[in-house]
Amino acid sequence: MRAIAAGSIAVLMVLSIFLVRPPPVVNLDSKACDLLALWAGPGKQSGQVAIVEIDEKSLSRFGRWPWPRDLVGRLSRNILDRGAATVALDILFPQQEGANDAALANAIAGKPVVLGYTLSFDAADAAPAPCPVPSLPLALAGPIESMGAAFFHATGAVCSVPAISAAATGSGFLNAAPDRDGAMRRVPMVIEFGSRYYPSLALAAVDRYRHISTMQLTADAYGARRLRLDSR
């Protein structure tokens, strides 16, 4: 009986450690994740995604950032003219710039361009809606009590000026935070705000590219488990 009791106590202690997840356990889990990712490798690239980087060479040619918005508009149109099916700009344009705002808005109007915005989580920054674009057509499946753990819950947003936001055909949040050790291992795909659901910039770009008609998120006791986009 003593052996059974000791074994039960040991099992309960181990379960408690992994449920409470103290920092040493979290760090161990993160390192195991890193090793598995390194072992798995980068996988086979599709060749369908290109990153247009604002690097030192770009800055030496066009000047330091931020660039005038008419220049960003011309660059965006050049990318589209070279065959891009969708352009995602992970850039905010929150301050008014007069004529330059109109120049950028005109350059992307009616084009498959997705803009970024940031969601805030301070009640003092509460706002009625993040940007003048529709929220996700997201259907939820799973126990009601699991939905609270499936999402981060935002209270406000910082967006580009209305003229530019309205010209884009989609938008997604840029929010992401590294783990305690500075490594970026997790990025939310959907965040709840005002009882509606909004996509990350990446998901918004996929939505615009594939013209997704239905989305379903399945949750369980641990939170979000599966996101289905049409039949994928």
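## Close-up views of a predicted model

**Figure 1. Helix α8 and the residue after it.** H211 comes right after α8 and has a positive phi, near 50°. The model shown here, as in every view below, is predicted. Helix α8 runs over residues 201-210. Its buried residues are L201, L203, A204 and A205. Several strands help to cover these buried residues of α8, including β1, β2 (113-120) and β6 (170-173). Strands β7 (190-193), β8 (196-199) and β10 (223-229) are also part of that cover.

**Figure 2. The largest pocket.** This pocket holds about 1,300 Å³ of space. It is lined by 33 residues, and those closest to its centre are A50, I51, V52, V87 and A88. Which helix gives the most to the lining of the largest pocket? That is α8, with 6 residues. Helices α3 (56-62) and α4 (69-81) each supply at least two residues of the lining, and so does strand β1 (87-89). By residue type, the lining of the largest pocket has 22 nonpolar, 7 polar and 4 charged members.

**Figure 3. The second largest pocket.** About 390 Å³ of space lies in this pocket. Its lining counts 18 residues. F152, A177, P178, D179 and R186 are the closest to its centre. Helix α2 (residues 23-40) provides the largest share of this lining, 3 residues. The lining of the second largest pocket splits into 9 nonpolar, 3 polar and 6 charged residues.

**Figure 4. S30 in helix α2.** Find S30 in helix α2. Is S30 buried or exposed? Its relative accessible area is 6%. Buried means under 20%, so S30 is buried. Now look beyond its neighbours within four places in sequence: there, S30 is in contact with D179 and R185. D179 also appears in Figure 3, among the residues closest to the centre of the second largest pocket.

**Figure 5. A166 in helix α7.** A166 belongs to helix α7, which spans residues 162-167. Why does A166 count as exposed? The cut-off for exposed is over 50% relative accessible area, and A166 counts as exposed because its relative accessibility is 54%. A109 gives a second point to find in this view. In sequence, A166 and A109 are 57 residues apart. In space, they are 8.2 Å apart, C-alpha to C-alpha.

Notes
Residues are numbered from 1 along each chain as its sequence is written. This is a predicted model: local features need pLDDT of at least 70, side-chain atom pairs count only at pLDDT 80 or more; totals for chains, interfaces and linings use all residues. Side-chain values use heavy atoms; hydrogens and water are left out. On a 1 Å grid over the protein atoms alone, a cavity is a set of points where a 1.4 Å probe fits but cannot get out, and a pocket is an open set with protein on both sides within 12 Å along at least five of seven lines; lining residues have an atom within 4 Å of a point. Grid points are joined across faces, edges and corners, and a volume is the space filled by probe spheres set on the points. Helices (H or I, at least four residues) and strands (E, at least two) are DSSP runs, numbered from the N terminus. Ala, Val, Leu, Ile, Met, Phe, Trp, Tyr, Cys and Pro count as nonpolar, Asp, Glu, Lys and Arg as charged, and the others, Gly among them, as polar. Buried means under 20% relative accessible area, exposed over 50%, partly exposed in between (1.4 Å probe, protein chains only). Contact means heavy atoms within 4.5 Å.
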